[in-house]
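Please open the structure in your viewer and keep the selection panel at hand. The stops below say what to select next and what is there.

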Amino acid sequence: DRLEQDRLAERGEVEGFFVRLSDVVRTYVERRFSIAAPERTTQEFLREASRHPDLRGGHEQALGAFLRSADMVKFAAVRPGAEHCSQALAAMRGFVERTAPPPEEAR
């Protein structure tokens, strides 16, 4: 929510937006699935994620698509528009909602 409120993409700070969003996603994945995401490259992380039973299929695909997109912004100077940033945020928000532990498990 804070990232959305900061309106980085609308201010032209697309790289900063993707850096922060990918940090949030990687930290979530690390804590939720016990995968050391922040210390791994995208390829290494996705290889590890593909072995986790709760991240197979659609979850793995959504995560992979986002991380590859973020890498293009962070390392290849791709600069998508604000709409693409909004879509990435919505996709990762959906990913978190779909993979969050059930209420009894979260306690």
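## A guided tour

Begin by selecting α2 (14–33) and α4 (58–76), because both are included in what covers the buried residues of α3. The model on your screen is a predicted one, which is worth keeping in mind at every stop.

Next, select helix α3 itself, residues 42–49, and show the side chains of Thr42, Phe45, Leu46 and Ala49, which are buried. If you turn the view to look down the axis of α3, these buried residues fall within an arc of 95°, so they line one face of the helix. An α-helix has 3.6 residues a turn, so residues three or four places apart point the same way.

Now clear the selection and bring the whole protein into view, where you can count six helices and zero strands. Following the chain from the N terminus on, you will pass the elements in the order α-α-α-α-α-α. If you draw a box along the principal axes, the C-alpha atoms fill roughly 40 × 30 × 20 Å. With 107 residues, a compact globule would have a radius of gyration near 13 Å, and the 14 Å of the protein agrees with this.

Colouring the residues by burial is a useful next step, since 36% of the 107 residues count as buried. If you display contacts instead, and keep those with a separation of 6 or more, residues 24 or more positions apart account for 56% of them. With the surface switched on, you are looking at an accessible area of about 6,500 Å², of which 49% belongs to carbon and sulfur atoms. Colouring by charge then brings out 17 positive and 18 negative side chains, and the centres of the two sets lie 2 Å apart.

The last two stops are in loops, and both concern the backbone angle phi. Most residues other than glycine have a negative phi. Select Arg7, in the loop between α1 (2–6) and α2, where phi is positive, at about 55°, although the residue is not a glycine. Arg7 counts as partly exposed, because its relative accessibility is 48%.

Finally, move to Ala77, which lies in the loop between α4 and α5 (82–99). Phi of Ala77 is also positive, near 60°, in a residue other than glycine. Is Ala77 buried or exposed? At 54% relative accessibility, Ala77 counts as exposed, since the cut-off for that word is over 50%.

Notes
Residues are numbered from 1 along each chain as its sequence is written. This is a predicted model: local features need pLDDT of at least 70, side-chain atom pairs count only at pLDDT 80 or more; totals for chains, interfaces and linings use all residues. Side-chain values use heavy atoms; hydrogens and water are left out. Helices (H or I, at least four residues) and strands (E, at least two) are DSSP runs, numbered from the N terminus. The radius of gyration is taken over C-alpha atoms; the globule rule is 2.2 Å times the number of residues to the power 0.38. Buried means under 20% relative accessible area, exposed over 50%, partly exposed in between (1.4 Å probe, protein chains only). Contact means heavy atoms within 4.5 Å. Accessible areas come from the Shrake-Rupley method with a 1.4 Å probe; for residues, only the protein chains shown count as cover. Lys and Arg count as positive and Asp and Glu as negative; His and the chain ends are not counted. The place of a charge is taken as NZ of Lys, CZ of Arg, CG of Asp or CD of Glu. The arc is that of the directions from the helix axis to the C-beta atoms.
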